[in-house]
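Here are some short exercises, each with a worked solution. Keep the structure open beside you and try each task before reading on.

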Amino acid sequence: MDGHQYLYRRNPDLLLEWGEGGGPVLVDCRRWRKFSAKPALVGLLHQLDRPQTVDELHGRWGGADHADEVHKILERLAAAGIVRRSAPDGDGRADGGEETENGPGGDGWTPYELAVHAQAGRGPVPHARRGTPPPARFHHPEAGDAIALPDGRDVPSRPLARVLAERRSVRAFAPAPVPLPLIGAFLDRTARVRGHFPPRAYEQTQRPAPSGGGRHSLEVYLLAREVAGLAPGAYHYDPFQHTLHRLCPWTDGLAALQQRTVTDLALMDAPPPAGLYLASCTGRTSWKYEGMALSLIYRDTGCLMQTMSLAATDLGLASCLVGMMETPLTAPFLAPYRDRLIHVGSMALGLPTDPLAAPAVAPLGG
């Protein structure tokens, strides 16, 4: 086949960043290779947003006098993996059998996701742990009342195998407030600080859910719409003192936050009596694991969410986790902290209906 008839397209796994010397650098996020990029190359790749022949590109890009020169450049870039080449009547695969039309590599990953995964696999950057580690306790000096919580340790617990078997995501709740003692028991069993790990200067704590390096970046906020014994509003959970700190009363803004972060996303017909808004104080984890902090924060969130889901089941609460994250963070009670916190997930809590408002589970082979 005449080389001019091939189709060329920019590798969709590429990101453009600035190198340490200030010049542009191309990053192949799938193979984790980097290439210095002159402005002319950046301009050429800008034109390759869709498959094109040599002649089509020559007509759009003014960086070469002749089409043959463009062809040589494209072949060199294809050999390096910066562009992908395919036959015009082919099956959509570039050289090497990689998909070119159905997303990066054909597997649906974006280059940003690939870059985060690749960086996490390389471990912390060499200059991590600079300065003083951020404290493990998050203070809200603007908070109002502090409500001491019952620990609920006298609430009976069931065998783990039974709890695992009964865990369900529930999207409708009984029309009754959640008892405050159950909220206390729930937070005691899922997020309360049990102690410190040495050295104390590193601010590493032990809690029911695991966390990378004992850094526990996650902060728990209770959206209490109907909790018996608690004024409606937003509260911050202090895992050191096992107390709730009131941040604001229930408002239309809180109702809208609950609606868009839980009710709508979980396809609920009505808002839950209570909910959790989980936020990460990212500096705790990035201080120790800069370069892979985000991946650890996501894993920490999964561990905490599973712990919360099982604890809710054990306590006879109905719950539903929501993994969607707000970007940027919009919780009105966290407005002063939007440069320090990121939203990582939410959870609905309430009392179960009878029968339980959850889809029936079909047995295997049924």
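Two strands count as paired if DSSP finds at least two bridges between them. Keep in mind that this model is predicted.

**Exercise 1. In what order do the strands of the three-stranded open sheet lie, and which helix packs on this sheet?**

Solution.
- Step 1: Trace the strands across the sheet. Their order is 2-3-4, and the pairing is antiparallel.
- Step 2: Look for the edges. Strand 2 (14-18) and strand 4 (33-36) each pair on one side only.
- Step 3: Check the turn between neighbours. Direction ignored, neighbouring strands are turned by 30° against each other on average.
- Step 4: Zoom in on one pair. Five bridges join strand 2 to strand 3 (residues 24-28) in the antiparallel sense, and Glu17 stands opposite Val25 in strand 3.
- Step 5: Add the helix. Helix 1 (residues 39-47) packs on the sheet and touches strand 2, strand 3 and strand 4. The direction of helix 1 makes about 50° with that of strand 3.

**Exercise 2. Work out how strand 1 and strand 5 pair, and which way the side chains of strand 5 point.**

Solution.
- Step 1: Count the bridges. Strand 1 and strand 5 are joined by four, in the antiparallel sense.
- Step 2: Find a matching pair of residues. Arg9 has Arg84 as its bridge partner in strand 5.
- Step 3: Sort the side chains of strand 5 (residues 83-86). Val83 and Arg85 point one way, Arg84 and Ser86 the other way, and all are buried.
- Step 4: Step back to the segment before strand 1 (7-10), where Gln5 is found. Leaving aside neighbours within four places in sequence, Gln5 is in contact with Thr53 and Pro88.
- Step 5: Classify Gln5. Buried means under 20% relative accessible area and exposed over 50%, so Gln5, at 38%, counts as partly exposed.

**Exercise 3. Which strands stand at the edges of the seven-stranded sheet, and which helices lie across its strands?**

Solution.
- Step 1: Write down the order. This open sheet runs 6-13-12-10-14-16-15, with antiparallel pairing.
- Step 2: Read off the ends. Strand 6 (146-148) and strand 15 (318-322) each have a single partner strand, so one side of each lacks a neighbour in the sheet.
- Step 3: Note the twist, which averages 30° from one strand to the next.
- Step 4: Pick an inner pair. Strand 10 (residues 218-224) and strand 12 (residues 233-238) run antiparallel and are joined by four bridges; Leu222 stands opposite Tyr235 in strand 12.
- Step 5: Place helix 6 (residues 180-190). This helix lies across strands including strand 6, strand 13 (243-249) and strand 14 (274-281), and runs at about 135° to strand 16 (341-350).
- Step 6: Place helix 9. Strand 10, strand 14, strand 15 and strand 16 are the ones helix 9 lies across, at about 10° to strand 16.

**Exercise 4. How many residues of helix 6 are buried, and where in the model is Tyr298?**

Solution.
- Step 1: Begin with helix 6, where 10 of its 11 residues are buried. Among them are Leu180, Phe186, Asp188 and Arg189.
- Step 2: Locate Tyr298, which is in helix 9 (residues 293-315).
- Step 3: Classify Tyr298. Its relative accessibility is 40%, so Tyr298 counts as partly exposed.
- Step 4: Look at the surroundings of Tyr298. Together with Val116, Leu294 and Met325, Tyr298 forms a nonpolar surface patch with about 310 Å² of accessible area.

How values were computed:
Residues numbered from 1 in each chain as written. Predicted model: local features only at pLDDT ≥ 70, side-chain atom pairs only at ≥ 80, totals over all residues. Heavy atoms only, no water. Patch = residues over 30% accessible without salt bridge, like charges linked within 9 Å, V, L, I, M, F, W, Y side chains within 5 Å. Areas by Shrake-Rupley, 256 points an atom, 1.4 Å probe, with all protein chains shown as cover. Salt bridge = Lys/Arg side-chain N within 4 Å of Asp/Glu carboxyl O. Helix = DSSP H or I, 4+ residues; strand = E, 2+ residues; numbered from the N terminus. Buried < 20%, exposed > 50% of the residue type's maximum accessible area, 1.4 Å probe, protein only. Axes fitted to C-alpha atoms, helices over the stretch in contact; angles between N-to-C directions. Contact = heavy atoms within 4.5 Å.
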